[in-house]
Amino acid sequence: MSMSSFVAIGLVNPKSPTNVGGIMRAVGCYSADAVFYTGKRYELASTNGSAQYNTDTKRASSSIPLSKVESLLDAIEPDVKVVCVDLVEGAIPLPEFEHPEKAIYIFGPEDGTISQQVVNGADAVVYVPTVGCMNLAASVNVLLYDRLAKSSSIASDELIRSSRDTNNRVRVKR
């Protein structure tokens, strides 16, 4: 891979089009490169309406690929680090984690977890320290925000102007 940075989200057999839509919005907001998913539940559930598109209001799915794959690990290049994100004993708390330049962040299903085999093959396993488990899309948002917050990215008023809704023109009075 020639890119110096690569960020993908891997979803293990997601069941909710609403969560996948929320994840697509998150990857758009945080400039991730791709979303991969396994299993059949998402496709089956997404044929029953447009819930995904109700939550992906920025239409990130039109510019960021959402791809079904047989194996999340086979979907990436060899130089991409595998980071499992789940409530797994022995995992690293997210505030202490140093993100790799190239990573696929693998999340378990809404009603399950990542297989032991995938966890065993991961370069790192992290968890978001919460009381109880978070919604899948919320977990992806927190992870991607943490990656951004720890990066050398420079925030600015220009970023605010390009990111906010068109009806927001509020400024801090100086």
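D146 touches L94 and H99, leaving out residues up to four places away in sequence. Contact here means heavy atoms within 4.5 Å. D146 sits in helix α5, residues 136-149. Helices (H or I, at least four residues) and strands (E, at least two) are DSSP runs, numbered from the N terminus. D146 is buried, because its relative accessible area is 12%. Buried means under 20% relative accessible area, exposed over 50%, and partly exposed in between, with a 1.4 Å probe and protein chains only. The D146 side chain also makes a polar contact with the side chain of K150, at 2.9 Å. A polar contact is a pair of N or O atoms within 3.5 Å; within protein, one must be able to donate a hydrogen and the other to accept it, and residues adjacent in sequence count only if both atoms are side-chain atoms.

This is a predicted model: local features need pLDDT of at least 70, side-chain atom pairs count only at pLDDT 80 or more, and totals for chains, interfaces and linings use all residues. Residues are numbered from 1 along each chain as its sequence is written, and side-chain values use heavy atoms, with hydrogens and water left out.

**Overall fold**

The chain holds six helices and seven strands. Along the sequence, the pattern reads β-α-β-α-α-β-β-β-β-α-β-α-α. Of the 174 residues in the chain, 39% are buried. Among contacts between residues at least 6 apart in sequence, 81% join residues at least 24 apart.

The seven strands form an open sheet with parallel pairing, in the order β3-β2-β1-β6-β4-β7-β5. Its edge strands are β3 (66-68) and β5 (92-93), each pairing on one side only. Two strands pair if DSSP finds at least two bridges between them.

**Strands β6 and β4**

Strand β6 is mostly covered: six of its six residues are buried. Both of its faces are covered, with K102, I104 and I106 buried on one side and A103, Y105 and F107 buried on the other. Strand β1 (residues 6-11) runs parallel to β6, and six bridges join the two. Strand β4 (residues 81-85) also runs parallel to β6 (residues 102-107), joined by five bridges.

Strand β4 is mostly covered as well, with four of its five residues buried. Three bridges join β4 to strand β7 (residues 124-127), and these two run parallel. The register can be read from individual residues. G10 has I106 in β6 as its bridge partner. V82 stands opposite I104 in β6. V85 has F107 as its bridge partner in β6. V83 stands opposite A124 in β7.

**T113 and the second largest pocket**

T113 lies in the loop between β6 and α4 (116-121). Leaving aside neighbours within four places in sequence, T113 is in contact with D86 and G108. The T113 side chain makes a polar contact with the side chain of D86, at 2.6 Å. The C-alpha atoms of T113 and V85 are separated by 9.5 Å, although the two residues are 28 apart along the chain.

D86 also belongs to the lining of the second largest pocket. That lining has 17 residues, of which D86, L87, C133, M134 and S139 lie nearest the pocket centre. By class, the lining has nine nonpolar, six polar and two charged residues. Ala, Val, Leu, Ile, Met, Phe, Trp, Tyr, Cys and Pro count as nonpolar, Asp, Glu, Lys and Arg as charged, and the others, Gly among them, as polar. The space in this pocket is about 320 Å³. A pocket is an open set of points on a 1 Å grid over the protein atoms alone, where a 1.4 Å probe fits, with protein on both sides within 12 Å along at least five of seven lines; lining residues have an atom within 4 Å of a point. Grid points are joined across faces, edges and corners, and the volume is the space filled by probe spheres set on the points.

**Loop residues**

N13 has a positive phi although it is not a glycine. S31 likewise has a positive phi in a residue other than glycine. The table sets these two beside T113.

| Residue | Loop | Relative accessible area | Phi |
|---|---|---|---|
| N13 | between β1 and α1 (17-29) | 24%, partly exposed | about 45 degrees |
| S31 | between α1 and β2 (34-37) | 56%, exposed | near 60 degrees |
| T113 | between β6 and α4 (116-121) | 46%, partly exposed | not listed |
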